[in-house]
Amino acid sequence: MKLCARLWRRPGYGAWFAADTATAIGVAVRSLAVSLVGYAVSGSTVAAGWLGSASMIAQQVFGVFGGTYVDRHDRRTLIIVNAVMSMLCWGSVAGLLLTGGLRYSILLAIAVVSSAVNGFLGSATDAMLKSIIDMRDYPKARSLNEGRDATVNMAGSPVGGFLYGIRPWLPFLIIACMYAVAGVAATGIRESLRSDVAVRLEAGTAASDDSAASEAGSSGSFFKDFREGWSWSLHRTMLVMTMIVSALLNFGINGVQYGIQLHLVSAGMNGAYIGFVNTGIFCTMLVGAFIANRMSDRLSAGPVICAGFLFSCFAVVPLVCTSNYWVMLICNSLSALPFPIINAMMLGFVFAKTPDSMQGRITVTLTVPAQALSMFCSAAAGSLLPVCGFRRTILVFLIAMLLSAAIVVVYRPLRTIPRADAWDGAELR
């Protein structure tokens, strides 16, 4: 309670949290609604699957350069621009559905444009967090965000499916309104620490080691800063291994979710019932976030991360044997239980050890490789289902999850990340 009070007393944190929450609501309502309208206008799981993959590819390609851009410009302004562009894109979908003018090609183009803008500017939100709070508060702040996301997403998918059932344009109107709220809230964000510009002016640009990089930030050319961010990440083996295990786990778990979603969509199940599958995920994530909030600063991170990866794998195993709706609901939900504490500990450690002036670039150098395989999850699931069936499709994605867990267990630096109170003295190798 004291920590939460300390967070809310931080100048700008309330506005940051409001903007991030409104964006999360928009994303949650959108996730199922886009799949439903994509299948409705195309009549194909393959086309609906490629809608998701094309959007993810655009987001990741533009995200490669977005982190550098975010570190060189005012992050609050970029958050506002991202919100306005998203509002215009999804408001257009609502308008086209209302007038009967939406076609698959138009939906695909709008989804790709929105994702490209989000990929280029979206890292500004997370990048700004560290300039608002102290490093020692980072695990708790991430746990709070995980709980918020779980709560929002718990209701988002079934609400999106329910609203789509009333009128197909209605969820997209709500999405546009949420992005408008995010843009307005972002105008109140203020940094409580020294700005990156001030740090750069004080530190100069002549430093060559990591400590100097932390102070100097990015003051050279765009591509110099771009190379600096990727070089900083790729020269740390722990970061590279984090990228690899995250990529495999994300591919596996997202593939399972897309497989379930597209299987149920093609079977003609009611959108609200499909949404309840996602609700189950976020119910368990909410429980996981509560556990993470209570325990993330009390336990050694490494062993907990290992246990979390293994738990997610074992939870998915029954889906290889059955396509029963209730088994899908339970197993898929349980697989998400460890995610909040994994993110709070593994990603919390990485970002806590990242220089303030490089938060945007390191966010991108970590998340783009981590999502590299996931770009093709939707297309892979949509293409595998008619050929292999549901259970074999799930098996493909489970194998990727098992491989990620094996790497985490074997790789010692990840397995031995210490408790949060020892992070100041720990090295990001």
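**Note on a predicted all-chain model: surface patch and a helix pair**

1. Val81, Val84, Met85, Leu88 and Val113 make up a nonpolar surface patch with a combined accessible area of about 370 Å². Patch members have over 30% relative accessible area and no salt bridge, with nonpolar side chains (Val, Leu, Ile, Met, Phe, Trp, Tyr) joined within 5 Å; a salt bridge is a side-chain nitrogen of Lys or Arg within 4 Å of a carboxyl oxygen of Asp or Glu. Areas follow the Shrake-Rupley method with a 1.4 Å probe, and for residues only the protein chains shown count as cover.

2. The model is predicted: local features need pLDDT of at least 70 and side-chain atom pairs pLDDT 80 or more, while totals for chains, interfaces and linings use all residues. Residues are numbered from 1 along each chain as its sequence is written, and side-chain values use heavy atoms, without hydrogens and water.

3. Helix H4 (residues 75-99) contributes the most to the nonpolar patch, four residues. Leu88 lies in H4 and counts as partly exposed because its relative accessibility is 48% (buried is under 20%, exposed over 50%, partly exposed in between).

4. The axes of H14 (residues 301-316) and H15 (residues 325-335) come within 8 Å and cross at roughly 170°, so H14 is roughly antiparallel to H15 (angles over 145 degrees). Phe311, Ser312, Ala315 and Val316 of H14 meet Cys331, Leu334 and Ser335 of H15, contact being heavy atoms within 4.5 Å. Axes are lines fitted to C-alpha atoms over the stretch in contact, with angles from 0 to 180 degrees between N-to-C directions.

5. The chain has 20 helices and zero strands, taken as DSSP runs (H or I, at least four residues; E, at least two) numbered from the N terminus. Of its 429 residues, 55% count as buried.

Technical notes: Patches are made of residues with over 30% relative accessible area and no salt bridge: like charges are joined within 9 Å, nonpolar side chains (Val, Leu, Ile, Met, Phe, Trp, Tyr) within 5 Å. Buried means under 20% relative accessible area, exposed over 50%, partly exposed in between (1.4 Å probe, protein chains only). Angles under 35 degrees count as roughly parallel, over 145 as roughly antiparallel, 65 to 115 as roughly perpendicular and the rest as oblique.
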